[in-house]
Each structure stands twice: as structure tokens, then as C-alpha cells.
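Colleague: I'm new to this one and would like a close look at a single part. Could you pick the place where the two chains meet and walk me through it?

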Amino acid sequence: MNNLLIKIDNLKKVYYSEELETHALSDISLSIAKGDYVSISGPSGCGKSTLLSVLGLLDTATAGRYVLAGHDVSNLPNKERARIRNQEIGFIFQSFNLISDLDVKENVALPLTYRRDLSKAQRKQWVKDALDKVDMSHRAKHYPSQLSGGQQQRVAVARAIAGKPSLLLADEPTGNLDSKNAEAVMQLLDKLHADGATICMVTHDPRSASQAKRRLEVLDGRIVSDRLQLNPQSEDKHHVYAK
Amino acid sequence: MFMLSDCRYALRLLAKSPGFTALTTLVMAAGIGLSLYLFSFINTMVFKDLPFTDGDSLVQISQSRHGALEGNPLNYQDYQMLREAVQGLDEMGAYRNVTVNLSGRDGAVRYSGVRAEPNIFQLTRTQPLMGRTFNQAENLPGAEPVVVIGYDLWKSQFAGASDILERQVKIDGVSHRILGVMPQDYLFPNVAELWLPLNESPAAVSRQQAGRVYGLAHIKSGYSTTEVNQQLALLMERLAQRYPQTNSGLGAYCHSIPLSVAEDGIAVVYSMQVAAVLILFLASFNVGNLLLSRAIERGKETAIRMALGAPRARLISQLLWESILICTLGGIIGLLLLAWGLEVTERVTASFSYGRQVFWFKFGIDAFTLKVFLLFLVSTIFITGFLPAWKNSGGDFNQVLRDGTRGALSKKTGRLNRVLVISEIFLSLTILIVAGVIVVSRYLEERADYGVKTDNILIASVLLPSSRYSQAQQQVTLFNQLQSQLQQQSALGDVMISTALPGMPAPVTAIAIDGKEYLSDQQTSFPRANHILVMPGSLAKLGVELRQGRYFSAQDEGQDKATVIVTDSFVTAHFGDQSPLGKRIRVVDYDGQTPHWLTIVGVVRHVSQDKPSSADGRMPSVFRPYSQLPQAQMVLAMRLKSDVHSATLALRKTLQSLDPELPAYRIETYQAFLTRKTGPMRFLSGVFLLFGCATVLLTASGIYGLMSNTIRQRTQEIGVKRALGACEQRIARQLLLAGAAQLLWGGIPGLIVGCGLGYGMSQVMATPPQALFLIATLLILIIGAVVLTATWLPTRRALSMEPAVALRYE
């Protein structure tokens, strides 16, 4: 499978507290191909955000193997994990997580400032491209507090795609938005997917989930359903991918 | 009603966090206690009005030299001229400190007293307990000798006899009629236990023969001390024009008596007060920051209250109550600690002087201290309470409730935290430099080399009364006999006799060197040196090293001889590389007699009459044989062959055998004398060491608290940056650089102000400039380490979280 972007085998994530051992993820195995648009849904506390965090190298698995773009990233040192997050992965958060001290342009440029392989001009161009894609160039000098929720999330999307990552991870991207702005953001993700982006999105919202090509259902730390939506936005056809 | 419920609510909150409450209260107690201590201590020592009616206007007039407040007495004729001409002073009187031998039931005892003009008692508006004080007629030259005695003297020497008045008492061998007894604790002007009339008429003698006196007066209403000092300066300028030989460079100034004692040390006093205020600020900022952190943690609660319609005043009141309770409780604890500290201080300061302590050194919580306490309390409540109250009650509560500010520390909070860190760095560095100068000064003082061997030596002073030892030969004979008999005592070894041992102030005189030309014959044109008289053999026995020539011997004895030994510092200053042996010098005087040239026969290593690093300590000395210029008061230095008690007994017995009415006083070991001399500095340095330790603790905890708070509030931001690919080292470097930038912002002004204050103090305390540089360098390194550690620890904690956890951090 040369087209495979993510392959995880028997992934476990256990949280330990003084008296409690919580299995957030139990023996998850999953493959995601390049260009996939996957939604992950399930009830609160089922482990979907933990799965996304592990996929995004924001958290480490307790056990299991994780191969990203052909490289085993299960046990990488922090520095290498940071590099991969920076160059291979783009994050979109529910609460936008824009830095309030930085303006829109600076927020979008932030991941690029951690790279040494880009010239200043390249960085500028990539920021401009990203802002153009989300139609926020006209707000480049504004601060997050001067933007609406929808606009802030579009900026967050621009920040996620600015470094041209191979994988976009979105954690409840419409969770803090009204329906109109939520729809706009989902259209933006559709557009990005249409342009070739691989997207993995955690969502509660069935309408958002239905827009993905593939839909995973997580319950108690396990994938209980893995359906391919041949006609996204309808829920009648599906294939099981999960082992 | 609302106030009460707000107070109850604040109490409940404080009770819920006993650790927090204890920490903030103790920080406040330390801040208020330490600052208040310095203010109270300094006020009692220097600024407090003397405890007499009109004590606030009572001043002493002293002499200055080239603007330096020397605190020396004035020529009696100069004083008379000032009295006639000065406008701003009233009721002027003159006095001079004297040491007298009083013959009582148990032999002769030495007492401190004053010779004064009759109005000295009226100046303090004090009536005698018994009898009367002396009058103008009794002050005339040749009048019947009379004396007014102090309460303790009356009790100790006369068992409080009710028929004490009109009794005769022998003072310096002369019978004096007792006129009155002054009330208990009356020691005016400083440690006097008896008061004698001056019995002098300055107009009847030449300027050179006129004695030296301090002036006393009340400042007239409508005049300020500054105005009077301007008048005095002008009048002294006129005198300098009229008598350039003796008066050029001399000035006069008036100060309250305690302030006169401080002299140029007033710079140290002001620096100490600045340090006291700064440490109060430091403690307040720390507590303010802790309350601010709590307020921020309770931001959501405040937002809910605002959403429910709580008026801003109520919210501020609730938050202010916490400050009021913490500061008040801390203040009360600080006040209790202060009371204990001042009690200890009274005991410690009593050891600064050999005899009695000056009468105004009464340490305790007085009205001034309570006023300053209230001021400090209100200030600390404002500083610690205002910021959190303002910060937390003025925010956008809707935004807080919507949780829309995730991801980064707000701009205002970030700026406020930076300002607080910078302020703490500035304050701590300033305080620590001041404390460092004092501590180093004490270290240098205690290890000072006075140029002699001081161990195993007992010292004592002997004063020959002029009534029985008016002739030079009588004085020489007595001290020769005393030396030879003491040396035969089994308890004693070598006996050295001198007018001033190293470490003791000696008369400073103008010296002319044969063959050198001077600009004029004014005193100020000539170099100055300590003028010390010694018994032959004393310098060698004291361990004063001979560098050239010889020590004094029998061939130098007699008033017809004219030989002198100088220190190598004198040679370096005036002869350069040339050998001074055989060259001639003379003491400059203006008595119209033929110059009396002295031939240099030896050069000894420099000895210091004051702290070796001070200007007075660096002053060269000239030694002459005692027999060439006999004096009434000499200091004995006796090498101990047994314990101090046996040696003291041997001294007393020997003196009794020679003259039963001759007491020895100030008997103590040479080491004890030098230790007592450094007592005030040791005490001050102890206080400032405590200040320094408190400052380091407050700064370290304060900056750590602020940094920890700042970085904790940025945890999500750190999580976002890590999610976007920033590596840990990069984030740590950014935060450490931010810490370093704050170190510079606070450190550079702190260094400038601290070094400014430290320089002023080092001038007075004779601390070398290199020491100040070293202190500043060391302290900036310490504070730097504190700041970077305080940044690194919370940074490490924040980075130890998985980015996913940091992103969800609340």
C-alpha cells in the first residue's frame, strides 16, 4: 500500500492515577490512506480526542506501533516528534487556540518560524497562500480578539495548512461555532480535501461527520465501526476498514 | 452590613487556604516588621526630638572643616562672635565635655561631665530635683568651685543623702560645693553625670589660648535650620577673612544633638531608610502577586458574580478585605516582633560605649513608630489589594464566561507580571547592594590591621588633675614611676604609655617641613598628621615596626630635646624616595614663639588611629617622646602575664600607692576596645544581613511565584506552540530569554540606584570602590541565578506535560 499515510497496530493508551487505571484506547489498529477524509465520532470520553492526540504526536501511546508516512514514529525523541508535527501535521482545534498577542499574519506564520528550510520570502508567500485559501488575507493585520468565531477558525485552518502538511487533524472544528460559520468551515475542509489534503476530524456533530468519506465510530477506547461513505452526506453505504 | 458579609467571606476564603494565609501573613509580618524596625531605630538614634519642653528647637553648634561635618567644638572666641551676630538662634550657651576624677568613699572615680555656661539647664527647661543650678556669678573666672550632680552619682557616691546640698566634694583634687541634684536620667547634653561652670572669659585670653566649646541654642520661631546654617556659614567666612591663619576652611553648623552625633554618617542613615521602604515594597509586591494569582484563579467566579449583577464596588470590597486581613494580621505580628527587636537593640547598643549610653537611646514602640506603622499598613493594603481588585473586577466577564480567551496569557496580565518581576529585581538588587556594602565594611573593619600587636594587652586611661599636676615635671615623674612600678608587678609584663594607642583618635595638627615652601601661613596650607606622644620603648613593645633610623631612647628625654619619629606614610607623602632621617619638621602653631624644629630620628610602619581604610585611618602620624611635651591624660597598655582581673587589681594598687586620688578608667583589653569600636558596625551589619537574607528569600519566592504564575497561565500557549512543531529547547530558550530581558530591565536600574546609594555609604564607611564593584557583580549574578532558576523550574514543569495535556490545561 504505497498510498498509505498512517498505519497503527494494537495501539493502547492507559492513564494512571493514584487509584485508577483508565484505558483510553484499547488495541486500536487503523490505516489511513493519503487523501482520505476521515471523521471520528463517539460519545464523550470514548477516546476519540486521545486517538487524535496520538495521531498528531501530541501524546504518546502506552503500547502499539504507529507508522506515519512510512516511518515508525512510536518511540521518537521529543525533538523529532516536534519536527514531524511542524512539517507533516496541521492542527485545527475546537477553541481555535490562536495566540492573542499575535496578529492574524503572525499566527499563521507561527509554525513556519520553527522551520529553518524556508527563506523569509517563502514564508511570506506561504502565509499569503494560506490566508488566500481561507479568504482571510484582508484581515491579516487584525488580532484574534477583533475577529468573529468563524473568522478565527478560518485563521486556525490557515495556520494548519500554511506549512503544507501531509495530514490535517481537526478536533471538533465546528464545536465553538454557530451553524452558519460551522458550515463555512466544513466547506473549507471539503475544498482542502478536494485539493488533495488528508483530513482526520474528531466531531460530535453528525452533519460534520457525514461530510467525511470515511466514518469511524469509537466506543470505550475501541473502534466499533469503520464505514466508507461513498456518497458523503448520506449514511446508507459503508465498508468496514477496521481490523 | 455588606462590609461585614464581605469580611466574613474573605475570612472564609483565607481559612480555606491556611498555607496561603500563613505564607502571605508571614511575608507581610517580615516586610512591615523589618521596615518599621529601621525607621523606629533610626528615629530614636538620630531624628527624635529630645525629651524636653521645646526639645524640637534645641540644637548644637559644631565646627565643620572644608564643608565636612566634623562635629568638633569651636574656638570659644569664635563661638562668642557667633552668639553676638547670629539672628536665628536664641538662648545660646556653651559647653565642653570633660572627664573628671571625683574622690569619694571608695577612692577616686572617673566621671563624665560637662563644663558649661549656666543656661545649660534652662535650655532643657529642666529644674533640679534638689537645690539649684549655678548662676552667672559662679561662672566667672576665679569664682568659688561649685557643682551640680546627677541622680545616679548622688545615689552611688552619696547613698542618696538628703543633706547632700552644700556638701563639699573633691573633683580633680579641688573641693567643690554641691549646689543641686538633677532628676533621674538627666544626662544632658549626652552622658554627663555632673555639671561644672566653665569659669572662663574668652575675651581675656588670646585666640590660641581660648578653649574649645560646643554651642547650644534654640532655633527662633520663624527660622529654619537651613537658614540658621546659612547665617553661621556667612559669619564663619567673615571670621576666616579676619583670622586666615587659624580659621581658613573652618565653618560652623547647627543640628539637633542626635543628628550632630551622626555627622557625615547621615548618608548611611538615609540609605538605610531607602532600603527600609524598598523592602516594604518588596514584601507588598510579593503578597500582591500571590493575591493576584488567587484573583486570577477566581476569575470565573468573579465573572459569574458580575453576570449576576454584583456592583464593581462590592467586588473590589470583597477582594480588598483579603488584603486588609492579611496586612493587619501580618502588621500586628510585625509590631510584636519589632517590640522584641527594639528591646534587644537597647541591650546591644548599651555595649557600644564603655560607660553610660547617651540618654536619648530609649528604644521602644513610641508615637512615631505607631504613626509609621499605620502609614505602612494603609500603604501595604493599597499595594497588595488594589492590583488584584482592579484586575479582577474590570475584565470582560462575558468573554471569561464564554471561555474565549484560551491559548495565551492576556496582554495586560502579561505586562503586569513583567512589571512586577522587573520591580522585584530592581528593589532586591538595590537593597542587597546597600546591605552588601555594610556587611563588607564590617568584614574589613574587623580584619583591619592597625599596625600593632593588639593581643594579650590590657589598656587603661589615667588623667592627672591640673590642681596637683600642673607642672610638666610632676606629670613626667608620675608616669615614669607608674611605668616602672607596673612593670615590677607579677601580673603584668611590658607597660607602654601613649596619648593615643592605634585605633584611638589622636589630636591632628598642621606640620611644616623644613625647606618646603607653603602658599601661605594659613593652617590649611600645611599637611596634617596625628600628633602622638609616647614613652620611650612603647612603640617597639607595641610591635610598631621600625623601618629606618631608631626608636626613642633615653637620649631623647627632656623638654629641651627635639626629636620625632614619623610613619612611613608620612615619608611617602612628604619626602618621596628620600631618606627623612636628620630632616626637620615642626608643629604649626600661632603662639608667636620661635618655631620649634624637631629632627626625624626614625621611621616606623604606618599605624591607624581610626579604621585603616578611612581617611582618618590613612592619616600619617608623628610621634614624640612624652617627656618633650608632657600631657595630663595618657593611655596605658600593659602586656598581660595573668588574667585581666589580677592585672586590673595590680594597676589599681599601684596607682593607689602613688596617688590615692588618682583613678584608672576605661580598663579593658585592647581587643575588647577594638571590638567595642566596631560594635555599631557589627550591629548594623547584623541587621542588614538579616535584611539581605529576607530580601533574597522574598525575591526568590516572589520572582518564582510570578514566573510560575506567568508560565502556568501560558501553558496552553506552550501547548499550541508545541502542537505547531516548536521543540522544547526552543520554547525553554524563549522563556529564559524573556526572563533574562526582565533581569536586564530591572537589574540595570537596580545596579545604578544600588551603586549610587552604596557609593554614598562606602564613602562614609571607607569601603574601597573595588569592594562595591565586587558586591554589585556578585549580587547581579545571584539575582540572575534566582531569575533564571525561577523561570526554568516552571518552564520545565510546563514542558514535562504532553502537548495534548497542555492544550487542555485549565
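Modeller: Sure, and one bit of wording before we start: two residues are in contact if their C-beta atoms, placed from the backbone, lie within 7 Å. Keep in mind too that this is a predicted model.

Let's begin with the meeting place itself. On the chain A side, 21 residues are in contact with 21 residues of chain B. Two elements of chain A give two or more residues to that side, namely helix 2 (78-88) and helix 3 (104-113). The top contributor is helix 2 of chain A, which gives 7 residues. If you sort the chain A side by residue type, you get 8 nonpolar, 8 polar and 5 charged.

So helix 2 of chain A deserves the close look. Its buried residues are R81(A), A82(A), I84(A), R85(A), N86(A) and E88(A). What lies over them? From chain A, the cover includes strand 4 (63-68), strand 6 (89-92), helix 3 and strand 7 (167-171). Chain B joins in as well, with helix 22 (715-723) part of that cover.

Strand 4 of chain A leads us on to a sheet. Here 4 strands of chain A form an open sheet in the order 2-1-4-5, with antiparallel pairing. At the edges stand strand 2 (21-33) and strand 5 (71-72) of chain A; each has a single partner strand, so one side of each is left without a neighbour in the sheet. Strand 2 of chain A pairs with strand 1 (residues 4-16) of chain A in the antiparallel sense, over 9 bridges. If you want one spot to click on, K7(A) has S31(A), in strand 2 of chain A, as its bridge partner.

Now for the other partner, chain B. You'll find 25 helices and 23 strands in chain B, and its C-alpha trace spans about 100 × 65 × 55 Å along the principal axes. Of the 810 residues in chain B, 46% are buried. Looking at contacts in chain B between residues at least 6 apart in sequence, 83% join residues at least 24 apart.

To get a feel for chain B, try Q87(B), which sits in the loop between helix 3 (76-85) and strand 4 (89-104) of chain B. Q87(B) counts as exposed because it has 11 C-beta neighbours inside 10 Å, and the cut-off for exposed is 12 or fewer. From there, jump to Y704(B): the two residues are 617 residues apart along the chain, and their C-alpha atoms are separated by 59 Å.

How values were computed: Residues numbered from 1 in each chain as written. Chains lettered and ligands numbered in written order. Predicted model: local features only at pLDDT ≥ 70, side-chain atom pairs only at ≥ 80, totals over all residues. Nonpolar A, V, L, I, M, F, W, Y, C, P; charged D, E, K, R; others polar. Pairing = 2+ DSSP bridges. Buried ≥ 20, exposed ≤ 12 C-beta atoms within 10 Å, placed from the backbone.
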